[in-house]
Amino acid sequence: MPETYKRPTWDEYFMEVANTIAKRATCDRGRSGCVIARDGQLLVTGYVGSPVGFPHCDDVGHLFKKVLHEDGSITQHCMRTVHAEQNAICQAARLGISIKGATLYCRMTPCRTCAMLIINCGIVRVVCERRYHAGMESEDMFRMANVSFEYQHDEIQQYEHQR
């Protein structure tokens, strides 16, 4: 008997779109895409990339900075690019599209800075494909701000130069 077609949920649909958007990303360390949607309607998208007119990691390499944490651990982060979530929020601002009350779909737990922007924009829900290895602070912030968040897969996203 042929398998019955299963229509994707809105969350599955928008995450699939976010993963397609990620193919435009210009930093191989964390190719990521973002979709912001409300009421089943895609509002804006964003992907990891350098500011307009600046060189891209894929072309000139990464711009790594080391971060010293309170526990003494050191992590390495690429500072050349703007995060997918930030670019989606900027696109909404440039186009005059309100994202208040929307859901944001992204590859992994947004970083602390992205979490603050998400909260201040009035986004009410975040759906992540996987966890970010340093995402606990963002989760705490979302709880404090009553922004719901969930993961499609309860595992940490793996990528090159993660630590």
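**Notebook: threonine 9, a pocket and helix α5**

I looked up threonine 9 and found it partly exposed, because its relative accessibility is 39% (buried is under 20% relative accessible area, exposed over 50%, partly exposed in between, with a 1.4 Å probe and protein chains only). The model is predicted, so I note that local features need pLDDT of at least 70, side-chain atom pairs count only at pLDDT 80 or more, and totals for chains, interfaces and linings use all residues. Residues are numbered from 1 along each chain as its sequence is written, and side-chain values use heavy atoms, with hydrogens and water left out.

Threonine 9 sits in the segment before α1 (10–21); helices (H or I, at least four residues) and strands (E, at least two) are DSSP runs numbered from the N terminus. From threonine 9 to glycine 40 I read 10.0 Å, C-alpha to C-alpha, with the two 31 residues apart in sequence.

I turned next to helix α5 (residues 136–144), where Ser138, Glu139, Met141 and Phe142 are buried. Seen down the axis of α5, these residues fall within an arc of 160°, so they line one face of the helix (the arc is that of the directions from the helix axis to the C-beta atoms). Met136 and Met144 are exposed on the other side of α5. Among the elements that cover the buried residues of α5 are α4 (112–121), β6 (125–130) and β7 (148–151) (contact means heavy atoms within 4.5 Å). Just after α5, I noted a positive phi of about 60° at asparagine 146.
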